[in-house]
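Trainee: I've got a new model open and would like to learn how to read its nonpolar features. Can you walk me through it?

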Amino acid sequence: MTKKYMNPYLAGTLLGLVLLLAMVVSGRGLGASGGIKYCVVSIVGAVSPEHVSQTEFYTPYFENDKKPLANWLAIEIFGVIAGGFISGAISGRLKLRVEKSPRITTTRRLFFAFLGGALFVYGGQVARGCTSGAALSGMAVLSLAGFVTMIAIFASAFAFAWFFRKNWI
């Protein structure tokens, strides 16, 4: 027996409350791409400190003994991972499996998941923010750019769904 997913209206309301709490506590909205960048920068600093000290891009992250993993965005990423595990455990969905259509192979599903993730990270860096930062946090402060971003996200998802539908249904 599979467990039901959370009611989407309740989930949306809870997401809005988390966004509000983030703005009240930290003075900033939610965003994931910046947190991932801080985690990657920290890994580069651990693996190759001499490269970090010689590269203009990395040096600001380590000035005055700064630690990139102490940034609130990196902590947010760890919280998202922990929250995902807790949610999976509570709902009985904490299993190692690949959810996919019976029409495609696991390899194809993982390839498209990786490709989509890579495009998402690239797009987030080009746009200087991801969907959670640009759309959700932008809309929360009534930014026109936030609304335009959300409309573009839904419009492009609708446009591309037809091409990729056989991978999911």
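Mentor: We'll go from the overall fold to the core and then to the surface.
Mentor: This is a predicted model, so local features need pLDDT of at least 70 and side-chain atom pairs pLDDT 80 or more, while totals for chains, interfaces and linings use all residues. Residues are numbered from 1 along each chain as its sequence is written, and side-chain values use heavy atoms, without hydrogens and water.

Trainee: How many helices and strands does the chain have?
Mentor: Helices (H or I, at least four residues) and strands (E, at least two) are DSSP runs, numbered from the N terminus. Here there are 8 helices and 0 strands. The C-alpha trace spans about 55 × 40 × 35 Å along its principal axes.

Trainee: Which residues make up the largest nonpolar core?
Mentor: In soluble globular proteins, nonpolar side chains tend to be buried together. A core is a set of buried (under 20% relative accessible area, 1.4 Å probe, protein chains only) Ala, Val, Leu, Ile, Met, Phe, Trp, Tyr and Cys residues joined through side-chain atoms within 4.5 Å. This one has 8 residues: Tyr38, Cys39, Val41, Val52, Tyr58, Tyr61, Leu73 and Ala74. Helix 2 (33–47) and helix 5 (72–91) each supply at least two of them, and helix 2 gives the most, with 3.

Trainee: What is Leu73 in contact with?
Mentor: Contact means heavy atoms within 4.5 Å. Beyond its neighbours within four places in sequence, Leu73 touches Gly31, Gly34, Gly35 and Tyr38.

Trainee: And how much of the chain is buried?
Mentor: Of its 169 residues, 22% count as buried.

How values were computed. Buried means under 20% relative accessible area, exposed over 50%, partly exposed in between (1.4 Å probe, protein chains only).
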